[in-house]
Amino acid sequence: MAASVRLLLRLSHRNINVAAAGGSARPGCCWGPTGPSSCRCFSDATGDRSTHFGFETVPETEKAKRVYKVFENVAQKYDVMNDAMSLGIHRVWKDMLLRAMHPQPGVRLLDVAGGTGDIAFRFLEYVQSQQERQKRRAARSTQTPSWQDISTNYSTEDEDGPQESKAVVCDINKEMLKVGKQKADSMGISAAGLSWVVGDAEELPFDDDQFDIYTIAFGIRNVTHIDQALQEALRVLKPGGRFMCLEFSKVTNPVLARLYDTYSFQMIPVLGEVIAGDWKSYQYLVESIRKFPDQEEFKGMIEDAGFYCVHYHNLTGGVVALHSGFKL
Amino acid sequence: MAALLRGLRAGRALRGLGSVVAAPTATKPQCSSLRRGFHRAAQRLQDESKSDKPPSSSSSSSSTTYHEHYQAHSAHQDTATASQEHSASDPASEEASGPNTSYQDQGGEQGEEYETEEQLQARILTSALEFVPQHGWSLEAIAAGAETLGLSSASTGMFNNGAGDLVLHFIADCNSQLTEILAEQHKQVQLGQAEPKKTADFLRDAVETRLRMHIPYIESWPQAMSILLLPHNIPDSLKHLSTLVDDIWYYAGDRSTDMNWYTKRAALTGIYNTTELVMVQDSSPDFQDTWNFLDNRIQDVVNMATTAKQVQSTGEAVVQGLMGAAVTLKNLTGINQRR
């Protein structure tokens with residue numbers, strides 16, 4: 001009883017703040033973000049479920065549709081906007097994700113909300129360079145190969161070797177996947193080992209125990225039910241598999257936080273309007289970052305879903321956090 | 001009741017509720033759920049070591065302490081909880097011998113989980129050791145080891161230190177094996193079944209036993225040594241070395257509390273390290289050159305100890321002689337006369 005009263009107060013508090021912040025471009029940070037779980041509990045009591053869409057409150061069923069619209073609109077200019085907004089640092093973040101992943105040859109990657117395929121491309125390049133290094137090492141150790149060896153090497157050069165690494169890019173949005181496929185073709189990445197699948201992170205179209213690594217980069221904050229997405233991740237991972245999530249998070253340094261907030265709310269929607277012609281989508285972007293739980297809370301959610309050895313690293317002072325957990 | 005428990009355990013999302021719901025049903029909820037947890041862990045550990053399905057809990061031949069604990073306690077429980085345990089143990093064994101080796105679904109027993117995580121890491125590293133001759137001390141060996149346990153090679157991400165973790169695990173393993181052997185010998189001596197060895201012989205045998213554990217990996221041992229010398233690994237490797245040397249001296253009977261404690265351990269550290277280096281480039285049959293080198297170094301240390309004692313006693317004798325000569329001179333020249 002007391003719990004429901006507490007949640008009632010929190011929700012009404014938020015409604016008041018939304019009304020107050022509706023006018024200004026820069027909302028107050030005085031109240032902390034309440035996760036979707038609290039409003040879900042409250043809504044269960046009343047019968048209809050609502051969640052946050054940026055700083056708005058929308059019914060849960062509508063959130064998925066609106067997110068779909070957002071990404072449909074920005075798909076063509078997505079990569080350009082990423083570079084402009086983060087000043088190219090998003091490439092460093094994704095490279096650091098790959099370095100932390102350190103994939104062994106032969107692993108299968110599932111990149112959810114992978115959209116334009118950044119992570120999948122980097123993964124394939126990494127594994128390829130690893131295999132080349134191994135081949136070079138093997139060649140160095142057998143300095144004088146017999147003619148038999150040379151002939152077998154020539155014949156197997158087209159294959160990736162006995163273990164092939166595969167990457168599957170899964171996204172709910174067809175437009176983003178289209179852009180990704182075009183990028184793959186233009187970059188000349190071989191279609192072998194790369195698949196593009198349309199799917200919902202809360203209900204993945206894959207069997208259990210399929211993938212070695214599950215990554216979701218800058219996508220999980222757009223999911224309506226984050227815990228469902230985490231449970232799906234647990235389901236499709238093999239035992240020993242790794243869950244890795246790259247997501248915007250809370251900046252720890254207060255000075256940096258101020259700068260970051262100013263930049264987010266003043267610069268980014270403007271850039272969105274100028275480059276992509278879409279102010280609202282980028283307003284949603286920066287608001288959804290503020291609504292996402294902070295590092296420790298998200299770590300707790302990952303542990304609740306059933307992952308072990310959950311750790312996180314802050315990148316760029318907490319602007320981005322890399323969470324990692326294992327299915328053991 | 002048992003069905004309800006089974007249903008609860010099957011729901012991963014209801015982990016936290018497991019202990020809460022069990023409270024009104026059992027007399028000792030925490031203990032019984034913990035024991036069930038330990039039992040499940042014991043069952044799973046059994047499954048890992050044996051490939052065939054374990055028989056019912058009471059007749060299994062496991063010797064894990066958790067399992068014995070469970071047996072002892074189940075005998076003391078009242079019939080209600082005992083029957084509950086037994087009915088609960090069947091679904092547990094069914095789950096444990098299921099197709100996956102996952103450690104999920106713990107019903108909220110956090111204490112058991114942390115143990116199992118480290119144990120799992122230790123098991124992965126132990127199984128990685130057999131791939132060291134092929135891949136060297138590296139993440140590939142750990143990945144291969146994880147795969148033999150049925151885990152994906154992505155689980156190597158758990159080891160932040162990579163190859164360093166593997167080498168340090170191996171060293172810790174060897175050290176604990178040596179300590180067990182020395183303790184066993186010590187017990188034998190105390191029971192009067194064996195003769196106590198002289199210090200020099202004891203040291204030689206201990207160092208030889210310890211270094212022989214490197215023989216299966218001697219090809220790649222230089223790589224392991226260089227990994228241990230990396231700056232972030234030096235504190236750990238020094239810690240292992242110092243505990244090793246301390247253990248050997250302790251079982252050799254050293255109870256000194258003065259400067260000797262330091263000099264003895266420093267001497268043995270020097271002997272151990274130099275012998276290890278000789279062993280790495282030794283190509284004689286059964287490393288005979290290495291053991292000869294070891295003998296010589298220990299003999300050197302022993303000689304130096306006796307020489308030091310001799311020098312000290314000679315020094316004292318010389319000083320006494322000089323004092324006597326001085327007194328005689330003083331007498332002769334008459335300085336010593338009393339006026």
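Arg212(B), at 29% relative accessibility, counts as partly exposed, and its side chain meets that of Asp286(B) in a salt bridge with an N to O distance of 3.0 Å. The structure is a predicted model, and the positions discussed here should be read with that in mind. A search of the whole structure finds 25 salt bridges over all chains, and the count of aromatic pairs over all chains comes to 18. The points below take up the helices and burial of chain B, then salt bridges, ring pairs, charged surface patches and one buried glutamate.

**Overall make-up of chain B**

- Chain B contains 14 helices and zero strands, so that a reader who follows the elements from the N terminus on meets α-α-α-α-α-α-α-α-α-α-α-α-α-α.
- Of the 339 residues in chain B, 40% are buried, where buried stands for a relative accessible area under 20%.

**Salt bridges in chain B**

- The partner of Arg212(B), Asp286(B), is partly exposed, with a relative accessible area of 45%.
- The side chains of Asp286(B) and Arg212(B) meet at 3.0 Å, N to O, and because Asp286(B) lies in the loop between helix H13 (259-280) and H14 of chain B while Arg212(B) lies in helix H10 of chain B, the pair ties together parts that are 74 residues apart in sequence.
- A salt bridge with an N to O distance of 2.7 Å joins the side chains of Asp295(B) and Arg204(B), and this pair links distant parts of the chain, with Asp295(B) in helix H14 (residues 288-333) of chain B and Arg204(B) in helix H10 (residues 199-212) of chain B, 91 residues apart.
- Asp295(B) counts as partly exposed at 30% relative accessibility, and Arg204(B) likewise counts as partly exposed, at 23% relative accessibility.
- Which residues are linked with Arg204(B) and Asp295(B) in a network of salt bridges? The network also takes in Lys197(B), Asp201(B) and Asp205(B).

**A salt bridge within one helix of chain A**

- The side chains of Arg66(A) and Glu62(A) meet in a salt bridge, with 3.6 Å from N to O.
- Both Arg66(A) and Glu62(A) belong to helix H3 (residues 60-74) of chain A, where they are four residues apart, which is about one turn of the helix.
- Arg66(A) is partly exposed because its relative accessibility is 26%, a value that falls between the limits of 20% for buried and 50% for exposed.
- Glu62(A) is also partly exposed, with a relative accessible area of 32%.

**Aromatic pairs**

- A pair of aromatic rings is described by two quantities, namely the distance of the centres and the angle of the planes.
- Among the 18 aromatic pairs counted over all chains, Phe206(A) and Phe211(A) form one that is edge-to-face, with 5.1 Å centre to centre and 85 degrees between the planes.
- Are Phe206(A) and Phe211(A) buried or exposed? Both Phe206(A) and Phe211(A) are buried.
- In chain B, Trp137(B) and Trp221(B) form an edge-to-face pair, with 5.8 Å centre to centre and 75 degrees between the planes.
- Trp137(B) lies in the loop between helix H7 (132-135) and helix H8 (139-148) of chain B, whereas Trp221(B) lies in helix H11 (residues 221-228) of chain B, and therefore the pair ties together parts that are 84 residues apart in sequence.
- Both Trp137(B) and Trp221(B) are buried, and ring pairs link them with Phe170(B) and Tyr217(B) into a cluster.

**Charged patches on the surface of chain A**

- Arg133(A), Arg136(A), Arg137(A) and Arg140(A) form a positive surface patch.
- Within this patch, Arg133(A) is placed in helix H6 (residues 118-141) of chain A, and at 41% relative accessibility Arg133(A) counts as partly exposed.
- A negative surface patch is formed by Asp294(A), Glu296(A), Glu297(A), Glu303(A) and Asp304(A).
- One of its members, Glu303(A), is placed in helix H12 (residues 295-305) of chain A, and at 32% relative accessibility Glu303(A) counts as partly exposed.

**A buried glutamate in chain A**

- Glu60(A) lies in helix H3 of chain A, and Glu60(A) counts as buried because its relative accessibility is 9%.
- The C-alpha atoms of Glu60(A) and Ser50(A) are separated by 4.9 Å, and the two residues are 10 residues apart along the chain.

Notes: Residues are numbered from 1 along each chain as its sequence is written. Chains are lettered from A and ligands numbered from 1 in the order in which they are written. This is a predicted model: local features need pLDDT of at least 70, side-chain atom pairs count only at pLDDT 80 or more; totals for chains, interfaces and linings use all residues. Side-chain values use heavy atoms; hydrogens and water are left out. Patches are made of residues with over 30% relative accessible area and no salt bridge: like charges are joined within 9 Å, nonpolar side chains (Val, Leu, Ile, Met, Phe, Trp, Tyr) within 5 Å. Accessible areas come from the Shrake-Rupley method with a 1.4 Å probe; for residues, only the protein chains shown count as cover. A salt bridge is a side-chain nitrogen of Lys or Arg within 4 Å of a carboxyl oxygen of Asp or Glu. Lys and Arg count as positive and Asp and Glu as negative; His and the chain ends are not counted. The place of a charge is taken as NZ of Lys, CZ of Arg, CG of Asp or CD of Glu. Helices (H or I, at least four residues) and strands (E, at least two) are DSSP runs, numbered from the N terminus. Buried means under 20% relative accessible area, exposed over 50%, partly exposed in between (1.4 Å probe, protein chains only). Rings of Phe, Tyr and Trp (its six-membered ring) pair if their centres lie within 6.5 Å; planes under 30 degrees apart count as stacked, over 60 as edge-to-face and the rest as tilted.
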